[in-house]
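Thanks for making the time, everyone. I would like to walk you through one structure slowly, so please have the sequence and the picture open as I talk.

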Amino acid sequence: MTKWIRMLLAALLLFGATAPARADDAAEKAAILKVVADMEAAWNRSDFTGYMAGFWNPGVTFVSGGKIQDGWQGTLDHYVRDYGGSPGRRGTLHFYDISIDILAPDAALLISHYHLARFERSQEGINTRLFRKIDGRWVIAMNHVSSYDPAAPAAK
């Protein structure tokens, strides 16, 4: 009988220890979703510096097109160079199908799709982002983008 009581107590302690973490996870996920929503809104108003506020400055690692950008500033320069100017060149960005896994109190993995609607060439793709909580704030420490042209014929 004592063995069963110990097992029951261990289960109750385990449940008690993980139940608050689930509530904390929900709050952390909401905070991360706000970062993503703020980034999307900044992009859509041509505020690339505001968009970059979601990334760890200066230490972000950004991988896109088979290349590693040169940190935070290099990533900002890339966006201004390739998407700056007219709203048609910038396009309208939307993140969707967002999945977040809290890995640790200061680390989370986000995977999402994105759609960048542009006059000349729209883009679709997937973001894989490692978020870190630095100085109490969630930021993207590593971003990997895999994009494709939705107008391109499907591979056979």
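Let us begin at Ala 108, which stands opposite Phe 131 in strand β5, and please keep in mind throughout that what you are looking at is a predicted model. The two strands that carry this pair, β4 and β5, run antiparallel to each other and are joined by 10 bridges, and they form a hairpin in which 5 residues lie between the one strand and the other.

On the other side of the turn to β3 we find a second hairpin, where β3 connects to β4 through 2 residues. Strand β4, which covers residues 107-117, is antiparallel to β3, with 10 bridges between them, and if you want one pair to find on your screen, take Tyr 96, whose bridge partner in β4 is His 113.

How are the 6 strands ordered in the sheet? The order is β2-β1-β6-β5-β4-β3, the sheet is open, and its pairing is mixed. The strands at the edges are β2 (67-68) and β3 (92-104), and because each of them has a single partner strand, one side of each is left without a neighbour in the sheet. For the students here, it may help to recall that strands of a sheet pair through backbone hydrogen bonds, either parallel or antiparallel. A parallel example is found between β1, residues 61-64, and β6, residues 137-148, which pair over 4 bridges, and within that pairing Val 63 has His 144 of β6 as its bridge partner.

Now I would like to return to Phe 131, this time looking at what surrounds it. If we leave aside the neighbours within four places in sequence, Phe 131 is in contact with a list of residues that includes Ile 32, Val 35 and Val 36, and also Ala 108, Leu 110, Trp 138 and Ile 140. Phe 131 is also one of the residues that touch the most other members of the largest nonpolar core, a group of 27 residues, and it shares that description with Trp 43, Tyr 51, Phe 55 and Tyr 79. Two or more residues of this core come from each of α1, α2 (48-52), α3 (71-83), β3, β4 and β6, and the largest share, 6 residues, is given by α1.

Let me finish with the charged side chains. In general, side chains of opposite charge can pair when their charged atoms come close, and in this model the count comes to 5 salt bridges. Which residue forms a salt bridge with Lys 133? The partner is Glu 28, and the closest N and O atoms are 3.0 Å apart. This pair links distant parts of the chain, since Lys 133 lies in strand β5 (residues 123-134) while Glu 28 lies in helix α1 (residues 2-44), 105 residues apart. Lys 133 itself is partly exposed, at a relative accessible area of 27%.

By contrast in sequence spacing, Asp 38 and Lys 34 are both in helix α1, 4 residues apart, which is about one turn of the helix, and their salt bridge has its closest N and O atoms 2.8 Å apart. Asp 38 counts as partly exposed, with 39% relative accessibility.

A further salt bridge brings together the side chains of Asp 47 and Arg 45, at 3.3 Å from N to O. Here Asp 47 is partly exposed, with a relative accessible area of 25%, whereas Arg 45 is exposed, at 54%.

Note on methods: Residues are numbered from 1 along each chain as its sequence is written. This is a predicted model: local features need pLDDT of at least 70, side-chain atom pairs count only at pLDDT 80 or more; totals for chains, interfaces and linings use all residues. Side-chain values use heavy atoms; hydrogens and water are left out. A salt bridge is a side-chain nitrogen of Lys or Arg within 4 Å of a carboxyl oxygen of Asp or Glu. Buried means under 20% relative accessible area, exposed over 50%, partly exposed in between (1.4 Å probe, protein chains only). Two strands pair if DSSP finds at least two bridges between them. A nonpolar core is a set of buried Ala, Val, Leu, Ile, Met, Phe, Trp, Tyr and Cys residues joined through side-chain atoms within 4.5 Å. Contact means heavy atoms within 4.5 Å.
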